[in-house]
Amino acid sequence: SKWEIICGRLKMYPEQVTLRFVVSAHGDAAKPECQQNLPQGTDEKLRTLREHLAAQPNNIHAYVVPAGDAHQSEYIAPYSMRRKFISGFTGSAGTAIVTRTKAALWTDGRYFLQGADELDCNWILMKAGLPETPSQTAWLNQELPANANVGVDPFLFSINTWLAFEKALGAQGHKMIPITENLIDKVWVDKPNRPDAALIPMNFTYTGKSWKNKIDDVRAELRAKKNVAMIVPALDNVAWLLNLRGDDVPYNPVFFSYVIVTLNSIEFYVDENKVRPAAVRSHLELDNCVGQHCITVRPYNQILSGIKAISDANPNGKVWLSPRTSSYALYNQLKPEQRYMATSPIYLAKSMKNEVERQRMRETYIKESALYCQFMAWLSKEILKKPDNLTEMSADKFMENMRWKAFPDFKGLSFATISAVGPNGAIIHYKASKKTDTKLDPDQLYLLDAGGQYLGGTTDTTRTWKFTPGTAYERECFTRVLMGQIDLARAVWPVGTHGRVIDILARLPLFRAGLQYRHGTGHGIGIFLNVHEGPGRITSGVPAYYEKPLAPGMFFSDEPGYYEAGKFGIRLETVVMVKKAKTPYNYEGMQFLEFETMTFVPIDAINLLNVKMLSREQRVWLNQYNVDIRDKVGKFLKERNWEEGYNWMLEYTKPIPLSDDAPPNGNSAYSSTNTVAIALMTATLMMVVNYFNRR
């Protein structure tokens, strides 16, 4: 018989077998409907972009469109979403390349399914990280004719990325050409304006350190490296340095700006109306500054002329640039001998929270955990009624509204909530839309990854639920994910250890079953800042040059997962903080570190846990975790009179047995008869051991 694949369906015909889909050079099967030569959503955009491309001088045959903005941000404002505009792909990670005849998009394993769904037939999906997928530069070298060049907006490429492209393409005779007038902006006729939200001054109660002291620390680093200035382009670094927050970028309380710190001056490049409010002027002491802490405010768009002025005034001085977060446009304003290239010390200082910040984060996670319990109490009842209006999007909105009503210091979500039912949960960074919004089903797994921005901290919590008994396979997968999360949470390691070293602890229970997940295990977290923060990370592979070892005060997610396309997704995410460990010994004076748990939300031990798979140590940890939830979150729930959440929490934090043939610790039968039996067995064993020792 003959089979024809049309729009995801199979039709049977007589004769031979014919599969109507195309396989591209990198091994991806194109969508079946792409063989029908129908109009595509990006047709006109690509045609217009290619017209502008052809009109450029310097024989430019390709244009690269990164996901980020001029500050190399992960999360970007709508006006910076050029890659989304040209490709239709909405994931946070990914780079588009448009040549005169082809269009391709590279993204990582978190977005393979999403990319396949969102890209139309004009685009080739490149699954970055797979052995068969060429790198961006390898593909360009393959596609470009001889002596053809590549155009890029120099503000949108970091120094590192530009130099890497330049080297790889130069080996084949191609050049990188900076195009200062962004070509996507020429196509994007209804492009939004740059945001201009108000600034929020942060006082000592939340920061634990004044902005003046932070400036002094930066200057100490400049003196130590014999530099004359540091350019600060990363938005979260500017916000942290000046103890200010904003609302220019969705989910991240940052604002468009640069700072240049010299040994005797501070230049703040920002839209001037942002610093007009009296509270901001007072915070920065703009009207009554003293000495070397005076801040000069300059227009945001004058950053290049500001760098050029410093370059001209200090011909023999070095200027500090962070190569991952400084754009090539900034780099190009300095002479080669003036460039000092190193990771900014602000990253490490920002990640190691001080005691004030740690306490604010503890408080924030307790109330966030309590709200999660109250929400789940509501959802657990509603979902069993199977109402038609209970969907991924409505559940997400209900939880967000709870935050706005409950907490005056709530400032918004920390990322787009991942509210995913059944197969949607397999899309690692799924975001429900009107097109995909799915009704919640008690018989399918429900993955909820949610977080908020509060004055006292940034939260990020994931749990996976089922509201009817899970299958044996679902329970096994869920339990293996939990085992990995527990094993990582229990880790102890010496000072100087990178997060990549301990990543295997979270993956090993899955590896033993031949399972895996294509994302990192832990990302750093800011305090009322970015939900993803460096320079530490917990993932597989070898540490990059800019990554730093785990250090006290760093906050990380602990989030292993497992995903099966078309079936379900499982992820458990608990936030932890690095702290000094109390060990019985200290080998040669060595200091050890461990994690302190921040998130206190129960796991689904009712419908998804297979207790028999857990070791005794894992069971002890889980029981203690549940005791902590009852103590810390239970108290908050009672104070709030959230009875439903409190009762739900009690139901999901019942102790589990410490062995397969014994009831939970504390049961009278276990603590009497079984204890006597164990004591007799132990005494007998000791007699045997002593006998052989004497022999």
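This report describes a sheet, a helix pair, the nonpolar cores and several individual residues of a predicted model.

Residues are numbered from 1 along each chain as its sequence is written, and side-chain values use heavy atoms, with hydrogens and water left out. Because the model is predicted, local features need pLDDT of at least 70 and side-chain atom pairs count only at pLDDT 80 or more, whereas totals for chains, interfaces and linings use all residues.

**Sheet and covering helix**

Helices (H or I, at least four residues) and strands (E, at least two) are DSSP runs, numbered from the N terminus. Strands pair if DSSP finds at least two bridges between them. Six strands form an open sheet with mixed pairing, in the order 14-13-12-10-15-16. At its edges stand strand 14 (295-298) and strand 16 (339-341), each of which pairs on one side only. From one strand to the next the twist averages 25 degrees. Strand 12 (residues 257-262) and strand 13 (residues 266-270) run antiparallel and are joined by five bridges; Y258 stands opposite Y269 in strand 13.

Helix 9 (residues 235-242) lies across strand 10 (229-232), strand 12, strand 13 and strand 14, and runs at about 60 degrees to strand 12. Axes here are lines fitted to C-alpha atoms, for helices over the stretch in contact, with angles from 0 to 180 degrees between N-to-C directions.

**Helix pair**

Two packed helices are described by the angle between their axes and the distance between the axes. The axes of helix 18 (residues 616-639) and helix 19 (residues 643-652) come within 10 Å and cross at roughly 175 degrees. The two helices are therefore roughly antiparallel to each other (angles over 145 degrees count as such, under 35 as roughly parallel, 65 to 115 as roughly perpendicular and the rest as oblique). Contact means heavy atoms within 4.5 Å. On the side of helix 18, N626, I629, R630, G634, L637 and K638 meet G645, Y646, M649, L650 and Y652 of helix 19. The residues of this contact divide into six nonpolar, three polar and two charged.

**Nonpolar cores**

A nonpolar core is a set of buried Ala, Val, Leu, Ile, Met, Phe, Trp, Tyr and Cys residues joined through side-chain atoms within 4.5 Å. Buried means under 20% relative accessible area, exposed over 50% and partly exposed in between (1.4 Å probe, protein chains only). The largest core has 83 residues, and those with the most contacts inside it are Y446 and L622. Helix 14 (residues 355-385) gives the most to this core, with 10 residues. Leaving aside neighbours within four places in sequence, L622 is in contact with L482, I486, I603, L609, L614 and I656. Apart from this core lies another, of 71 residues, among them V259, V270, Y300 and V319.

**Individual residues**

Most residues other than glycine have a negative phi, and most peptide bonds are trans. The table lists two non-glycine residues with a positive phi.

| Residue | Phi | Loop | Relative accessibility |
|---|---|---|---|
| N58 | about 70 degrees | helix 1 (43-55) to strand 3 (60-65) | 45%, partly exposed |
| K226 | about 60 degrees | helix 8 (211-224) to strand 10 | 69%, exposed |

A cis peptide bond, with omega of about 5 degrees, joins G534 and P535; P535 lies in strand 25 (residues 533-538).

W188, in the loop between helix 6 (183-187) and strand 9 (200-201), is buried, with a relative accessible area of 10%. Leaving aside neighbours within four places in sequence, W188 is in contact with P78, Y79, M81, R82 and F85. W188 and Q624 are 436 residues apart in sequence and, C-alpha to C-alpha, 55 Å apart in space.

Methods: Ala, Val, Leu, Ile, Met, Phe, Trp, Tyr, Cys and Pro count as nonpolar, Asp, Glu, Lys and Arg as charged, and the others, Gly among them, as polar.
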